[in-house]
Amino acid sequence: MSSSVPAGRTPRGKKAAKPAKAPPATLFLFGANGDLVKRLLLPALYHLHRDGLIDEGLHIVGVDHNPNTDEGFATRLADFIRTLPQHNEATGGQPLDEALWSKVSKNISYVQGDFVDDATYTALGERLARNGTRNAVFYLATSPRFFGEVADRLGKSGLLKESKDTYRRVVIEKPFGSDLASAQELNARLLRVMSESQIYRMDHYLGKETVQNILVSRFANGIFEAIWNNHYIDHVQITAAETVGVEQRGGFYEQIGALRDMVPNHLFQLLAMVAMEPPAAFGADAVRSEKAKVIGAIRPQTRREALSNSVRGQYAAGRVGEAQVPAYRAESRVAPDSNTETYVALKIMVDNWRWSGVPFYLRTGKRLRARDTEIAICFKPAPFSQFRGTKISKLTPNYLIIQIQPNEGMWLDFQAKRPGPTLEIENVEMGFAYADFFPMQPSTGYETLIYDCLTGDQTLFQRADNVENGWRAVQPFLDAWQDDAASVDLYAAGADGPRTADELLARDGRVWRKFA
Ligand code: BG6
């Protein structure tokens with residue numbers, strides 16, 4: 001997430017209080033030559049240094065199979081970071097602060113090694129000793145097929161042994177498994193060589209301020225919680241619309257599709273934040289237990305229900321903004337007759353006292369009309385009787401919109417009387433934009449997550465049961481789709497999704513709120 005205060009606006013809020021610096025450690029980045037490291041992790045580490053949140057004794061060690069030197073690796077990263085939009089003056093960015101970067105880069109080094117070769121782990125142990133830090137984080141920014149392999153070898157080499165004042169932590173990127181069985185298997189494999197307290201399962205949505213703010217909005221304000229239930233809420237819509245296509249990831253995406261890529265992880269994080277019960281405290285265990293409970297309460301679906309409560313779409317050629325873009329099937333490393341979905345819409349029920357009878361409609365897709373991630377809480381309509389005999393023919397429901405990105409904030413749609421002698425009403429909007437209140441620095445969304453990992457706060461990371469409950473809830477859709485020969489519904493790139501997604505809501509007498 002990258003935001004800044006729009007020109008001409010002065011934020012009204014105070015700067016956040018500065019937390020303590022994370023203690024010295026060595027951060028091993030497996031998959032050091034991949035995109036995640038250069039696009040997100042290194043910029044995030046640079047921002048943490050900028051904000052004084054990292055001890056200068058933090059060592060960053062890239063680990064990958066390609067040959068490189070310490071200096072070559074650091075230079076390659078710096079060259080790339082200078083090209084990012086936030087450091088491009090032409091697009092309003094700030095040039096890389098060279099003095100700051102030299103502080104970051106003086107502790108960057110590189111270990112060349114194969115992830116499945118024991119010798120690599122001996123080299124990592126030596127590097128740790130050379131760095132003189134006992135704490136270590138092993139960040140697995142690799143292809144998922146290496147997660148178990150690397151964990152086994154970290155365990156075998158003794159690198160995961162903690163002591164009273166030394167920690168050893170492992171960060172696992174998504175995708176964590178590709179279905180319930182593989183997620184359970186991976187959890188079991190990790191837990192054979194480390195304890196749950198050492199595992200940081202990453203979901204970068206939890207690094208977004210707006211996602212973290214959902215709990216604060218709900219639980220720090222008396223007005224929301226009182227109406228946050230099936231007495232007042234008609235249904236909830238969760239949308240993650242993207243304009244990008246599969247980009248260079250055709251080969252990976254063919255195996256994954258939109259459901260696995262976005263739903264059990266990112267969209268369920270949003271659902272959990274909106275639907276969970278208040279935790280007894282804001283500690284990692286209390287928060288993660290409530291999340292596990294609510295995702296665990298998602299109603300299982302039979303094969304027939306799963307088919308009728310889901311829509312699979314795939315983008316055809318079309319126009320997104322000004323650009324003419326190719327169909328998914330014409331993307332590189334995608335089969336010309338592929339049935340992989342690039343769009344999914346689901347209807348989900350949460351079977352507990354608070355949400356009984358309230359559908360959650362989820363949708364996400366690539367190459368849609370606009371980029372917009374939002375949660376729309378639709379309230380039950382007001383009774384109409386008092387307006388009978390007036391010019392008003394219907395009342396529209398109120399929506400509370402939690403805008404995750406872009407234009408982070410919250411908006412309430414309601415109806416007001418249009419000024420004039422006759423009784424006419426119009427939809428109006430009351431809103432809070434982050435940029436109006438808080439000074440916002442460029443950030444990637446990974447800053448908080450890396451800082452939390454270095455300081456040992458697991459609140460924003462997925463516990464084993466959170467991940468497994470997510471897969472358990474999507475498994476009926478995966479199974480039903482696998483047996484179902486029907487192909488995906490095509491939608492033109494630049495559209496709002498396939499027509500069948502509208503029918504999913506129309507059957508319940510509802511409509512999707514127009515996003516963005
Ligand atoms: C990733 C998915 O986890 O999240 C991508 O693999 C998706 O397909 C991305 O584009 C969306 O993240 P964000 O932060 O851009 O909304």
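Trainee: Which helix gives the most to the shell around the ligand?

Mentor: That is helix H9 (residues 250–275), with three residues. Helices here are DSSP runs of H or I with at least four residues, strands are E runs of at least two, and both are numbered from the N terminus. Please keep in mind that this is a predicted model, where local features need pLDDT of at least 70, side-chain atom pairs count only at pLDDT 80 or more, and totals for chains, interfaces and linings use all residues. Residues are numbered from 1 along each chain as its sequence is written, and side-chain values use heavy atoms, with hydrogens and water left out.

Trainee: What makes a residue part of the group around the ligand?

Mentor: One of its heavy atoms must lie within 4 Å of the ligand. Lys174, His204 and Asp261 are among the residues around the ligand.

Trainee: What makes the pair between the ligand and Glu242 a polar contact?

Mentor: A polar contact is a pair of N or O atoms within 3.5 Å; within protein, one must be able to donate a hydrogen and the other to accept it, and residues adjacent in sequence count only if both atoms are side-chain atoms. A ligand oxygen is 2.5 Å from an N or O atom in the side chain of Glu242, so the pair qualifies. For the side chain of Gln405, the corresponding distance is 2.6 Å.

Trainee: Why is the pair of Tyr200 and Phe461 called edge-to-face?

Mentor: Rings of Phe, Tyr and Trp (its six-membered ring) pair if their centres lie within 6.5 Å; planes under 30 degrees apart count as stacked, over 60 as edge-to-face and the rest as tilted. The centres of Tyr200 and Phe461 are 4.9 Å apart and their planes stand at 75°, so edge-to-face is the right term. Tyr200 belongs to strand S6 (residues 199–201) and Phe461 to the loop between helix H13 (447–455) and helix H14 (464–483), so the pair ties together parts 261 residues apart in sequence.

Trainee: What are the ring distance and plane angle for Tyr361 and Trp512?

Mentor: Their centres are 6.1 Å apart and their planes are at 75°, so this pair is edge-to-face.

Trainee: How do you know whether Trp512 is buried or exposed?

Mentor: Buried means under 20% relative accessible area, exposed over 50%, and partly exposed in between (1.4 Å probe, protein chains only). Trp512 has 11%, so Trp512 is buried. Tyr361, at 0%, is buried.
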